[in-house]
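Visitor: I've never read a protein model before. Could you walk me through one, feature by feature?

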Amino acid sequence: MVAKGGGSAAPFVAWLDQVVAARGTSWRRLAEETGVSASAPSALRTGRAVRPSMETCYRLAGYLRYDLGRVLRLAGYDVAEPDVDIADPELTLMVHGLLDLTPEERECVKEFVRFVAARAAAKRRRPRGTGG
């Protein structure tokens, strides 16, 4: 999952404007409720930022109960449509639990996930019948 080059925060800002209006709240209040820095949405609205961070997307999607993939795509991230069901409740709890970790603890988790993904990719590339 990578950020697309260039782009604009306009689709994300428009979506968040609709959410704020529907909830009868303010951007600042929504940021407080989700644990997002109040300066992050402000930077998007004023054009000082091109896209929200992935953590901001995770927090907003989780709090608002929106599809994370949709929120990430609105934010300008290149996210493929899942071809498998990722609605595993345990996985959802784990992802949301990551937000409570320190940045150093999250780095350890990311390192482990990269390791497992690389190992799985290597197994898929290995010709059958060569052991494993």
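**A walk through the model**

Guide: Let's begin on the surface, where Phe112, Val113 and Phe115 make a nonpolar patch of about 330 Å². Keep in mind that this is a predicted model.

Visitor: Where is phenylalanine 112 found, and is it buried or exposed?

Guide: Phenylalanine 112 sits in helix 7, which covers residues 103-125. Exposed means over 50% relative accessible area. Phenylalanine 112 has 54%, so it counts as exposed.

Visitor: Okay, now zoom out for me. How many helices and strands does the protein chain have?

Guide: There are 7 helices and 2 strands. Reading from the N terminus, the order is β-α-α-α-α-α-β-α-α. Of the 132 residues in the chain, 25% count as buried. The chain exposes about 9100 Å², and carbon and sulfur atoms supply 56% of that area.

Visitor: How do I read a single helix? What does helix 1 look like by the numbers?

Guide: Compare its span with the expected one. Helix 1 runs over residues 10-23, so 14 residues, and the expected span is 1.5 Å times one less than that number. From first C-alpha to last, helix 1 reaches 20 Å, close to the 20 Å expected.

Visitor: And which residues of helix 1 are buried?

Guide: Phe12, Val13, Trp15, Leu16, Val19 and Val20 are. Look down the axis of helix 1 and you'll see those buried residues within an arc of 160 degrees, so they line one face of the helix. On the face turned away from that buried side you find the exposed residues Gln18, Ala21 and Ala22.

Visitor: What covers the buried residues of helix 1?

Guide: The cover includes helix 2 (27-34), helix 3 (39-46), helix 4 (54-64) and helix 5 (68-74).

Visitor: What comes right after helix 1?

Guide: Glycine 24 follows helix 1, and its phi is positive, near 65 degrees. Now compare arginine 65: its phi is near 60 degrees, a positive value in a residue other than glycine. Arginine 65 belongs to the loop between helix 4 and helix 5, and at 78% relative accessibility it counts as exposed.

Visitor: Next, salt bridges. How do I spot one, and how many does the structure hold?

Guide: Look for a side-chain nitrogen of Lys or Arg within 4 Å of a carboxyl oxygen of Asp or Glu. The structure holds 7 salt bridges. One of them joins arginine 29 to glutamate 33, with the closest N and O atoms 3.2 Å apart.

Visitor: How far apart are arginine 29 and glutamate 33 in helix 2?

Guide: They are 4 residues apart in helix 2, so about one helical turn separates them. Arginine 29 is partly exposed at 44% relative accessible area, and glutamate 33 is partly exposed too, at 29%. A network of salt bridges links Arg29, Glu32 and Glu33.

Visitor: Can you show me another one to practise on?

Guide: Sure, try helix 7. Glutamate 107 and lysine 110 both lie there, 3 residues apart, about one turn of the helix. Their salt bridge has its closest N and O atoms 2.7 Å apart. Glutamate 107 is partly exposed, with a relative accessible area of 39%, and lysine 110 is partly exposed with 40%. Then find arginine 73 and aspartate 67, whose side chains meet in a salt bridge at 3.9 Å, N to O.

Methods. Residues numbered from 1 in each chain as written. Predicted model: local features only at pLDDT ≥ 70, side-chain atom pairs only at ≥ 80, totals over all residues. Heavy atoms only, no water. Patch = residues over 30% accessible without salt bridge, like charges linked within 9 Å, V, L, I, M, F, W, Y side chains within 5 Å. Areas by Shrake-Rupley, 256 points an atom, 1.4 Å probe, with all protein chains shown as cover. Buried < 20%, exposed > 50% of the residue type's maximum accessible area, 1.4 Å probe, protein only. Arc of directions from axis to C-beta. Contact = heavy atoms within 4.5 Å.
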